[in-house]
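Me: I am new to this structure and should like to be guided through it by question and answer. Please begin once the structure is shown.

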Amino acid sequence: MPGDPAARQSIPVSPVRVPRAAVVGSVICALLALACPARQLRGEVERSPDGQTYLTIADDNGGACGPLEVDGQPWRHAVGERGRIAPGVHRIGCGDGPTLEIEVARGTVFTFDYWGP
């Protein structure tokens with residue numbers, strides 16, 4: 001009878017032993033991945049210490065920028081200085097140079113540092 005427990009056969013399973021170093025190494029790698037800022041094409045993202053949302057423009061295109069702009073407005077912070085910004089998609093401009101789009105998530109610090117393609 002198919003539903004009869006006595007008809008089922010049990011297959012012996014031997015426990016798998018994982019070396020302690022492999023377990024410890026995996027845990028350390030996972031913790032490091034969670035603790036490090038995330039790298040995106042245009043910069044790094046990390047959690048904001050106070051839960052607010054910030055943008056840091058860490059590179060002015062190697063000094064080749066005219067005035068920095070965010071969303072068509074002058075960026076009033078110095079290169080490398082963190083400034084509060086609304087979460088969402090923003091356009092960073094470099095004088096007459098390129099305008100690039102980034103997305104800044106709520107409660108993070110986006111450090112913009114790459115103008116390349």
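**Strand S9 and its surroundings**

Reply: In this predicted model, glycine 43 stands opposite phenylalanine 112 in S9. That position is a convenient place to begin.

Me: In which sense do strand S2 and S9 pair, and over how many bridges?

Reply: Glycine 43 faces phenylalanine 112 of S9. Strand S2 covers residues 43-47. Its pairing with S9 is antiparallel, and the number of bridges is 5.

Me: Do S3 and S9 run parallel or antiparallel, and how many bridges join them?

Reply: Tyrosine 54 stands opposite valine 109 in S9, and strand S3 spans 54-57. S3 and S9 run parallel, and the number of bridges joining them is 4.

Me: How many residues of S9 are buried?

Reply: In a regular strand, side chains alternate between the two faces of the sheet. On one side of S9, Thr108, Phe110 and Phe112 are buried, and on the other side Val109 and Thr111 are buried as well. S9 is thus mostly covered, and the count of buried residues is 5 of 5.

Me: Which strand gives the most residues to the largest nonpolar core?

Reply: Nonpolar side chains tend to be buried together in soluble globular proteins. The largest nonpolar core here has 16 residues, and Leu55, Ile57, Ile92, Phe112 and Trp115 have the most contacts inside it. Strands S3, S4, S7, S8 and S9 each supply at least two residues of this core. The strand that gives the most, with 3 residues, is S8.

Me: Which residues does isoleucine 92 touch, leaving aside those up to four places away in sequence?

Reply: Isoleucine 92 is among the residues with the most contacts inside the largest nonpolar core. Not counting residues up to four places away in sequence, isoleucine 92 touches Glu69, Val70, Pro98, Thr99, Leu100, Ile102, Leu55, Ile57, Phe112 and Trp115.

Me: Is threonine 53 buried or exposed?

Reply: Threonine 53 is found in the loop between S2 and S3. Its relative accessible area is 5%, and a residue counts as buried under 20%. Threonine 53 is therefore buried.

Me: Which backbone nitrogen does the side chain of threonine 53 reach, and at what distance?

Reply: Not counting residues up to four places away in sequence, threonine 53 touches several residues, including Val104, Ala105, Arg106, Gly107 and Thr108. The backbone nitrogen reached by its side chain belongs to glycine 107, at 2.9 Å.

Me: How far from the centre of the ring of tyrosine 54 is the charged end of arginine 82?

Reply: The structure holds 0 aromatic pairs. The charged end of arginine 82, however, sits over the ring of tyrosine 54. Its distance from the ring centre is 4.3 Å.

Key. Residues numbered from 1 in each chain as written. Predicted model: local features only at pLDDT ≥ 70, side-chain atom pairs only at ≥ 80, totals over all residues. Heavy atoms only, no water. Core = buried A, V, L, I, M, F, W, Y, C linked by side-chain atoms within 4.5 Å. Buried < 20%, exposed > 50% of the residue type's maximum accessible area, 1.4 Å probe, protein only. Contact = heavy atoms within 4.5 Å. Phe/Tyr/Trp six-rings, centres within 6.5 Å; stacked < 30°, edge-to-face > 60°. Lys NZ or Arg CZ within 6 Å of the ring centre and 35° of its normal. Pairing = 2+ DSSP bridges. Polar contact = N/O pair within 3.5 Å; in protein donor to acceptor, adjacent residues only side chain to side chain.
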